[in-house]
Structure formats: structure tokens, C-alpha cells
Amino acid sequence: TTNNPMKTTVITALLCAASLSLLCARAQPSDADRQGLAELRTKAEKGDARSQFELGQAFYLGKFGVATNYMEAAKWFHRAAEQNHPNAQFHLGSCYAAGQGLPKDVVEAVKWWHQAAEQNQEDAQYNLGCCYARGDGVAQDSVAAVKWYRRAAEQIQGHAQSNLGGCYAAGDGVAKDEVEAVRWCRKAAEQ
């Protein structure tokens, strides 16, 4: 068979157009989505930290039929974070770290992750360990990195377990210990 370049070009153009229309199409929110969002917003505006966090998540992930809006997400994460909601503190720190909805500011990210980590939020503990290991937003401190990796690893945070194993293998921030290195790496592999 011979290839028809015109036919191939037309098919490719149609496939591209169909893909773009699917990407641009927004499903209309259902009545249940609209009602859920309205109830969530009412509670959030009354100061309920959990609702503020969940509303932030809705804007961050585009839930309840709303468009993704990082600025609005960061606003609601901030309101909940100020009320010591650890997951909101973690997400607010992540917004600062990535510059999503807020100016990129690693020092501010570390501040919020530290507050969340002190409340045993394991992902914030892991992120703090990474910051101390690299010196991002804080002075590089291998001992502090191990401390935060360990706290997260003990809560079954797989990346922290792996990094803690690496610290033991290299003797970075902790005495070199191959048995501990293998133990933590195995735990990470089991995740």
C-alpha cells in the first residue's frame, strides 16, 4: 500500500483538534458539587480550619467543579495554617516552595513545614529533612536532616526511610552503620 501524505496530515490534524477540545472542555459541576462547595465555603468563611483546608484543596486540585486556582488555594491554606492545621501548614509551605499562588520563598516554606512537622505531619518532616540535607532555606545541617528523616520514617514515610538509609550508608549526619542502612532501605522498599 502507498501512504497518502494528505490523508495522514488530515487525520493528525483531526486527532490534535480532538485532543485539544478534550483538554479545554470543562465538565459542568453537578448540583451536588455546587451544594457541597457552598456548604464548604460557608463553614470556611465562619473560620472552621478543616473546612478552610478542604476548600484550599478544592481550589488546588480543581474539585467540586471549580477550576484550579493556586492563589485561592493558598489563601485558604493560609487561613487554616494560622489556626495550626498541620496539613494546611504543609500545603502552604509547598505552595511557597513551588511558587504556586504565592511568590516562591523557600525560607517561608521551611517556616510552615517546621510548624507542621512539630505536629507530626510526616511529609513536612520529610521535606524539612531534605531542606537541612541540601541547605535549602536553612543552613545545611546533616544531623538535623537525620532527625527529621527519622521522625518521618518512623511514621512509615517511604522517601524518608530511603533517605535515612542513605544517611546511615554514607555516615552523613549519623555514624556509618550498614545494618541500619539496610534496615531502613528495606522498610522503604516495602512501601
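Me: Hi! How many helices and strands does the protein have?

Reply: Hello! The protein has 10 helices and zero strands; these are DSSP runs, numbered from the N terminus, with H or I over at least four residues for a helix and E over at least two for a strand. This is a predicted model, where local features need pLDDT of at least 70, side-chain atom pairs count only at pLDDT 80 or more, and totals for chains, interfaces and linings use all residues. Residues are numbered from 1 along each chain as its sequence is written, and side-chain values use heavy atoms, with hydrogens and water left out.

Me: Ok, and what share of the residues count as buried?

Reply: Of the 191 residues, 36% count as buried. Buried means under 20% relative accessible area, exposed means over 50%, and partly exposed is in between (1.4 Å probe, protein chains only).

Me: What about the largest nonpolar core, how many residues has it?

Reply: That core has 45 residues. A nonpolar core is a set of buried Ala, Val, Leu, Ile, Met, Phe, Trp, Tyr and Cys residues joined through side-chain atoms within 4.5 Å. Among those with the most contacts inside the core are Leu55, Trp113 and Leu164.

Me: Which helix gives the largest share of this core?

Reply: Helix α8, residues 142-153, with seven residues.

Me: Tell me about α8, then. Which of its residues are buried?

Reply: They are Ser142, Ala144, Ala145, Val146, Trp148, Tyr149, Ala152 and Ala153. The buried residues of α8 pack against α6 (106-118), α7 (122-134), α9 (158-170) and α10 (178-189).

Me: And α9, what do its buried residues pack against?

Reply: Those of α9 pack against α7, α8 and α10. The buried residues of α9 are Gly158, Ala160, Gln161, Leu164, Gly165, Cys167 and Tyr168.

Me: Leu164 came up with the core too. What does Leu164 touch?

Reply: Not counting residues up to four places away in sequence, Leu164 touches Val146, Tyr149, Arg150, Ala153 and Trp184. Contact means heavy atoms within 4.5 Å.

Me: How far apart are the end C-alpha atoms of α9?

Reply: They are 18 Å apart, which agrees with the 18 Å that its 13 residues should span at 1.5 Å a residue. The expected span is 1.5 Å times one less than the number of residues in the helix.

Me: New topic: Val110. Is that one buried or exposed?

Reply: Val110 counts as buried because its relative accessible area is 7%. Val110 is found in helix α6 and touches Leu128, Cys131, Asp136, Gly137 and Val138, leaving out residues up to four places away in sequence.

Me: How about Gln57, buried or exposed?

Reply: Buried, because its relative accessibility is 16%. Gln57 lies in helix α3, residues 49-61. Leaving aside neighbours within four places in sequence, Gln57 is in contact with Gly62, Lys63, Phe77 and His91.

Me: Last thing, which residues line the largest cavity?

Reply: Ala133, Gln140, Ser142, Ala145, Cys167 and Asp172 do. On a 1 Å grid over the protein atoms alone, a cavity is a set of points where a 1.4 Å probe fits but cannot get out, and lining residues have an atom within 4 Å of a point. Ser142 and Ala145 are also among the buried residues of α8, and Cys167 is one of those of α9.

Terms used: On a 1 Å grid over the protein atoms alone, a cavity is a set of points where a 1.4 Å probe fits but cannot get out, and a pocket is an open set with protein on both sides within 12 Å along at least five of seven lines; lining residues have an atom within 4 Å of a point.
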